[in-house]
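Subject: Structure handover

Hello,

Here is the structure for you to look over. My notes follow below it.

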Amino acid sequence: MPGSGIDRSAFDVATAVAARLNDELGRVIFGQAQVRREVLVCLLAGGHCLLRGVPGLAKTLLIKTLADAVNLKFNRIQFTPDLMPSDILGTDVMEEDIATGRRQIRFIAGPIFANIILADEINRTPPRTQAALLEAMQEYQVTVGGTRYPLERPLFVLATENPIEQEGTHPLPEAQLDRFMFNVVIDYPSVADERRILAETTIGEAPVVQKVATGRDLEQARALVRDLPAAANVIDYALRLVRATRPADPEAPSQVREWVKWGAGPRAGQALLLGAKASALLDGRSVPALEDVRTIAARTARATT
């Protein structure tokens, strides 16, 4: 039940929005309950998500289904070796008025100007183009020709990587991986789920996804996640986990001091707490528990593996 200081009606609305989104994803993505949950936790926490898995495991379908379930603008960017930053951010063009002969510069927005972005195979493009996307993710704005253009919120970037083929790829550096809250690893489905996939996706028409949320719904849910109270012991637990990754910290385990060069920064602690709050909201709880932090830590740790 919502605790003191939390609007009960707003809490119920947010949990209902999260439940509807999960139900719509489940109508198209058979099984993969943990993957769906991780994506929704990341969405509600205001982060961005990196999805890794072999081809054919419905990574793109998952993202497209999520986009279809919300009344927001969706763009897909297919990353290729020749993709330039301007292909993502947009560019200035010179236009001439035929009647007057007057010329003016007009900005043509790129595909980053949307609410849900599918960055497909982000490791296929050079670091310069990767950096252009990641800067927009962090700053919620782009700069073209010395002019800053704000990006509309909510902004949720889901990037995919194919872990099989490494030839011609540009793996994201550690500093850029830090821009993603979660690294969601999609594994093969269970026998029962795979049989259902074969049986239900090879007949008739694909299910029609209903729009069950708006941008305002998501922004209000994200604001509520931040308002959820975290007990002192939960905050301290997240702090201990983060500091335990730093080899110079006196409380760090011997394995960390021996094998780790750089530990997690304060941003990791923020991700732990926000993820724990979003996880609690998905379960209909207004207060995150230690187990929420522990579970989120396992997800965020995979971002560098």
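**Strand β9 and its neighbours**

Leu118 is the bridge partner of Leu158 in β9. Strands here are DSSP runs of E with at least two residues, helices are runs of H or I with at least four, and both are numbered from the N terminus.

Before going on, note that this is a predicted model: local features need pLDDT of at least 70, side-chain atom pairs count only at pLDDT 80 or more, and totals for chains, interfaces and linings use all residues. Residues are numbered from 1 along each chain as its sequence is written, and side-chain values use heavy atoms, with hydrogens and water left out.

Leu118 belongs to the pairing of strand β6 (residues 116-120) with β9, which run parallel and are joined by four bridges. Two strands count as paired if DSSP finds at least two bridges between them. Strand β1 (residues 49-52) also pairs with β9. That pairing is parallel too, over four bridges. In it, Arg52 stands opposite Glu161.

How many residues of strand β9 (residues 156-161) are buried? Six of the six are, so β9 is largely enclosed by the rest of the structure. Buried means under 20% relative accessible area, exposed over 50%, and partly exposed in between (1.4 Å probe, protein chains only). Phe156, Leu158 and Thr160 point one way from β9. Val157, Ala159 and Glu161 point the other way.

**From α5 to the hairpin**

Helix α5 (residues 127-139) has 13 residues. From first C-alpha to last it reaches 18 Å, close to the 18 Å expected at 1.5 Å a residue. The expected span is 1.5 Å times one less than the number of residues. Buried in α5 are Thr129, Gln130, Ala132, Leu133, Leu134, Ala136 and Met137. Just after α5 comes Tyr140, with a positive phi of about 55 degrees.

Strand β7 (residues 141-144) has alternating side chains. Val142 and Val144 point to one face and are buried. Gln141 and Thr143 point to the other and are not buried. β7 runs antiparallel to strand β8 (residues 147-150), joined by four bridges. One bridge partner in β8 is Thr147, for Val144. The hairpin has two residues between its strands, and Gly145 takes a positive phi near 60 degrees there.

**Unusual backbone spots**

Most residues other than glycine have a negative phi, and most peptide bonds are trans. These places depart from that:

- The peptide bond from Arg153 to Pro154 is cis, with omega near 0 degrees. Pro154 lies in the loop between β8 and β9.
- Gln32 has a positive phi of about 50 degrees. Gln32 lies in the loop between α1 (8-28) and α2.
- Ala58 has a positive phi of about 70 degrees. Ala58 sits in the loop between β1 and α3 (59-68). At 29% relative accessibility, Ala58 counts as partly exposed.

**Where two helices cross**

The axes of helix α2 (residues 33-45) and helix α11 (residues 266-282) come within 8 Å and cross at roughly 115 degrees. Axes are lines fitted to C-alpha atoms, for helices over the stretch in contact, and angles run from 0 to 180 degrees between N-to-C directions.

Which residues of α2 and α11 make the contact? On α2 they are Arg37, Leu40, Val41, Leu44 and Ala45. On α11 they are Leu274, Gly275, Ala278, Ser279, Leu281 and Leu282. Contact means heavy atoms within 4.5 Å.

Best wishes
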